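Me: I would like a close look at a single part of this protein, one helix, set in the context of the whole chain. Please take me through it with some care.

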Amino acid sequence: MQPAIPFTFPGIGADVGRLGALLGLGLRAAGWRAPAKPALLNLACGRADETGVLLAAVAARATDLFYLGIDLRPPEIAEARARWIPAAAPGWQLDFRAGDAARTDRMKQLPPFDFIFIRHQNYWHAPAVWEVLFKNALAALAPGGLLAITSYFDREHDLASACLLQCGAVRRAEVPHPHSRPLPDAPGKSVDRRLALFSAG
Ligand SMILES: C[S@@+](CC[C@H](N)C(=O)[O-])C[C@H]1O[C@@H](n2cnc3c(N)ncnc32)[C@H](O)[C@@H]1O
């Protein structure tokens with residue numbers, strides 16, 4: 001699926017292309033395949049730039065799917081809607097909503113999801129909030145579903161993974177990015193530096 005409008009920044013297309021390959025490695029390592037009609041959640045999705053490669057990696061063969069992106073920030077959600085909803089294949093229901101995914105009452109109103117993705121989780125920015133986000137994500141998984149996270153930093157990835165394990169998640173795969181693009185704004189920061197996949201138990 002090609003974006004209906006170009007990405008905002010140069011380099012994003014290459015980053016998400018590499019992320020698609022990384023997701024393929026992770027899914028193979030976890031031994032997971034999507035069901036025929038998957039439901040997917042992109043949690044704290046921002047602009048959801050990775051929508052095309054995520055759907056290609058997780059659900060390329062699906063003729064019927066539901067994909068929802070949620071983020072706190074309305075402008076990013078509006079951009080995601082403009083970029084991806086017109087690009088959807090027939091039978092693919094894509095939606096993006098501005099909202100607080102830490103609201104457990106609201107999250108419980110959503111259907112169960114076969115695959116939940118949190119790209120560049122931000123655990124150390126607000127550990128208590130992210131613990132709730134992780135618990136809500138695990139509770140939203142369908143039986144046999146997977147939660148995948150990526151991280152900019154090794155230390156943040158380890159802290160987030162420890163939190164998820166503490167919440168009862170089981171790690172199914174852990175994949176360092178072989179070609180992660182370093183970012184100049186902080187030492188040790190790079191795009192999708194680590195990927196981990198978890199089941200709810
Ligand atoms: C590091 S950014 C990553 C954004 C995007 N996934 C990416 O990789 O470009 C973290 C995102 O988490 C979102 N976020 C933080 N708390 C949230 C909450 N309670 N509910 C929904 N989104 C939240 C922020 O708005 C932000 O877009």
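Reply: Among contacts in the protein chain between residues at least 6 apart in sequence, those joining residues at least 24 apart account for 80%; the model is a predicted one. The chain holds 6 helices and 7 strands, and along the sequence these follow the pattern α-β-α-β-α-β-α-β-α-β-α-β-β. With a radius of gyration of 15 Å, close to the 17 Å that the globule rule gives for 201 residues, the protein chain is therefore as compact as a globular protein of that length. Its C-alpha atoms fill a box of roughly 40 × 40 × 35 Å along the principal axes, and 40% of the 201 residues are buried.

Within this setting, the part to examine is helix α3, which spans residues 74-84 and has I77, A80, R83 and W84 as its buried residues. Looking down the axis of α3, one finds these buried residues within an arc of 130 degrees, so they line one face of the helix. The face turned away from that buried side carries P74 and P75, which are exposed. As for what covers the buried residues of α3, the elements include helix α2 (51-59) together with the strands β2 (65-71) and β3 (92-98).

One of these covering elements, β2, also leads to the ligand, since β2 and α5 (127-139) each supply at least two residues of the shell around it. Of the 15 residues around the ligand, A44, G46, A101, R119 and H120 come nearest, and the shell divides into 8 nonpolar, 3 polar and 4 charged residues.

Note on methods: Residues are numbered from 1 along each chain as its sequence is written. This is a predicted model: local features need pLDDT of at least 70, side-chain atom pairs count only at pLDDT 80 or more; totals for chains, interfaces and linings use all residues. A residue is buried if 20 or more other C-beta atoms lie within 10 Å of its own, exposed if 12 or fewer, and partly exposed in between; C-beta atoms are placed from the backbone. Helices (H or I, at least four residues) and strands (E, at least two) are DSSP runs, numbered from the N terminus. The arc is that of the directions from the helix axis to the C-beta atoms. Two residues are in contact if their C-beta atoms, placed from the backbone, lie within 7 Å. A residue is near a molecule or strand if its C-beta atom, placed from the backbone, lies within 6 Å of it. Ala, Val, Leu, Ile, Met, Phe, Trp, Tyr, Cys and Pro count as nonpolar, Asp, Glu, Lys and Arg as charged, and the others, Gly among them, as polar. The radius of gyration is taken over C-alpha atoms; the globule rule is 2.2 Å times the number of residues to the power 0.38.
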